[in-house]
Amino acid sequence: MNNDKRTLKLNIKGIVQGVGFRPFIYNLAIKNKLVGWVRNSSAGVDIEVSGSKNILDSFIISIKNDAPPLSKIDLIKEDWLEHKYFDSFKIVFSEDDPNAFIPISPDISICEDCLDELFDKDDKRYRYPFINCTNCGPRFTIIESIPYDRPKTTMSTFNLCQYCKDEYTDPTNRRFHAQPVACPECGPQVSFVIDKEIVSEGENALQQAREYIRSGKIVAVKGIGGYHLACDAFDEIAVSNLRERKHRIDKAFAVMSLSADKVKEYGKLGIEEEEYITSRERPIVILDQREDTTLASSISPGQNTVGVMLPYTPLHYLLLEEEDDFPSAIVMTSGNYSEEPIDIDNDAAFDHLGPIADAFLINDRDIYIRCDDSVVQPYNTGKKRAIRVIRRSRGYAPNPINLQWDLPPILAVGPELKNTFCLTRDKYAFVSHHLGNLENYETLSSFESAIEHYERLFRIKTEIITHDLHPDYLSTRYAQDRASAENIELVGIQHHHAHIASCMAENNLPSDSKVLGFSFDGTGYGTDGNIWGGEVLLASYSDYERIGHIRPFSLPGGEKAIKEPWRIAVSLLVESGVDTSKIAQILDSIPESDVEFVLSQLDSDVNCPKTTSLGRLFDGISAILGVSRHVNYEGQAAIEFEELALCDEFRGKNKYLDYGNIYDYTKFVNNFIHFPSFGESKPLISYAFHDSLAQWVSSHAITNESTKSIALSGGVWQNRLLTKLTLSLLSKHDINVFTQTKIPTNDGGISLGQAVAAYHKIK
Ligand code: ZN
Ligand code: ZN
Ligand code: FE
């Protein structure tokens, strides 16, 4: 055995600050009787440690294997030095380097240790709704600036009591430098508010909120990333009231239950779903509802799924505490009106949510930046079940995506719907939390301030801005204005190309890769001025060639056709050569004069933009069948249409159709429209439509000679049936198929694609 004394110097990069990393190193060193020091450095954590070679070797292994749960090590640089003498092991402090940056931890759900204390009668923090430690609690949403230290968080207004201070300064304590540390004596408090008046505080406030929920009322609850609106999820009247007041007609509400066991009472929770629902990121998991579910049907109208999450703050655990007459699931939907940002500020929330909520459960810990709940969706890869992120926000953001290249500071501003932006620095791509649809002043200003915040937090001085080609997107205008004001280089990236580049980057494909990309979504600006959305692109990171698409059709009335898919149905039927006299008969629920109007609109080609959008094609086919002729949110018809086909299995009932480079839906429409009883075979037709698209994709993929790599991206791929059918067809061939799982396949992933595509374009 080699007992030579050595000194080991380590530089560790990644999420290693504010997550209990120094106490972990300290305790590890003490346990191994090593001497030296550890400190937070400009770019992570630095360590110098002396001891015998074999102990130092196992010290490194322990760092890699046993690092604290919230930390994420990206790189460990090891240097072996001449032996240095130290008399003990110390945590030392260092100055901030103004250019340095490190990734910041997302907000993470309460840990087991804190949860035990929360319900321990003898603990100082018994039933304290803001209990946390270095392994759990708020991070991203309370940080105002860096270096990450209590004075730079929204906790700065709370002075630590002696008890908390002792824990905070003790390197062996799990609250050592836990910035949000607090107790009932010195920390934030909850209050119950009716008509802007505080009516109770602390435990009483909590119990009053529970009483309100129990009795069918709606309570606005302040959480980690913003307000939620809560009510009894089994109370049909309460849920309908909430819908009406929130102006949200039928987009699904999320619910929260105390535990996985409670969820099983109404939702189907497989192994994969359970793993995600209990993960420390605590996303909303979309579950199939049990056939005997008693959840209010207005929670997710027209769908047999439900989005469910478990509590992630101590407050949630107290709010949902088990009691005979307390509902085992409550609605927890974001505290906003449809398509506006979630409220975070108490006074603004009173004004804004006052008309919706009967009362407020507030607290005095400020939220610095809003962050919506994340959403994940189980799906079937054709071989196995898996989970993918479809809204990447709380718990995930601002974790960076690790790239293989050193990128210059690029700001990718993202698209209009489901907006995220992305900032790059070194090998990191910081994809922002979900910002929503940039359609109004509120979301735009939240977008602008979030960009500023990320630039400050990660000390990024933007040198290049990249944007969507759509000239009217508010994000595009922001990019143009800022680029001209600051004299920054501007790069436009086509929407569907950005989808494919995002998929390539997520899958770490090398720079010289070529893929056949199926970019399927609702809307994206095409280079011919038309609305694209069912595109086959032979693509690299920097460029693409459009080699196939959906046969174009008109959107009579433009935007109007999105809300009223029966208009698209008329267009598709005309395009398919169906006798115009029969169209009103097929669309029998629509007044004949309305159909006549659209027919004449199509005839004169006034306000009839052309599209190859697959999302809109889904809407149109669905409307022909009478599934959804009017919708209240984008993609609703497609969702309800898919649900229809999921009800049954119709394997092998579809005739193979050769659609060529252009997917010609008119052949499909003509296959069923002359069927006198087609109305009764809706599930079969829905299944056949999904199947025909899967066959179109796979025939393209199999016959393409320039690449064996396939990339599937765009919001339409959230359709579980289409994904399953396509992947199982492709799996029979020697083809590499890449999909998106960590980054949303919908427009939430566009910003990452813009960033990597712009980088390769200017390289
Ligand atoms: Zn904890
Ligand atoms: Zn305290
Ligand atoms: Fe898109």
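The donor residues of the zinc ion (ligand 2) follow the sequence spacing C-x2-C-x18-C-x2-C, where donors are N, O and S atoms within 2.8 Å of the metal (3.2 Å for Na, K and Ca), and sites may look incomplete as water is not among the atoms. The structure is a predicted model, in which local features need pLDDT of at least 70 and side-chain atom pairs count only at pLDDT 80 or more, while totals for chains, interfaces and linings use all residues. Residues are numbered from 1 along each chain as its sequence is written, chains are lettered from A and ligands numbered from 1 in the order in which they are written, and side-chain values use heavy atoms, with hydrogens and water left out.

Coordination of this zinc ion comes from the SG atoms of Cys161, Cys164, Cys183 and Cys186, at 2.2 to 2.3 Å. The angles among the four donor atoms are 103 to 117°, and the site is tetrahedral (four donors with all angles between 85 and 135 degrees). Cys183 and Cys186 are both buried, that is, under 20% relative accessible area with a 1.4 Å probe and protein chains only. Cys161 is buried as well, at 9%.

Turning to the iron ion (ligand 3), its protein donors are His495 (NE2), His499 (NE2), Asp521 (OD) and Asp747 (OD), at 2.0 to 2.2 Å. Their spacing in sequence reads H-x3-H-x21-D-x225-D. Asp521 and Asp747 are both buried.

Finally, the structure contains zero disulfides, a disulfide being a pair of cysteine sulfur atoms within 2.5 Å.

Note on methods: Tetrahedral: all angles 85-135°; square planar, octahedral: opposite > 155°, others 65-115°. Buried < 20%, exposed > 50% of the residue type's maximum accessible area, 1.4 Å probe, protein only.
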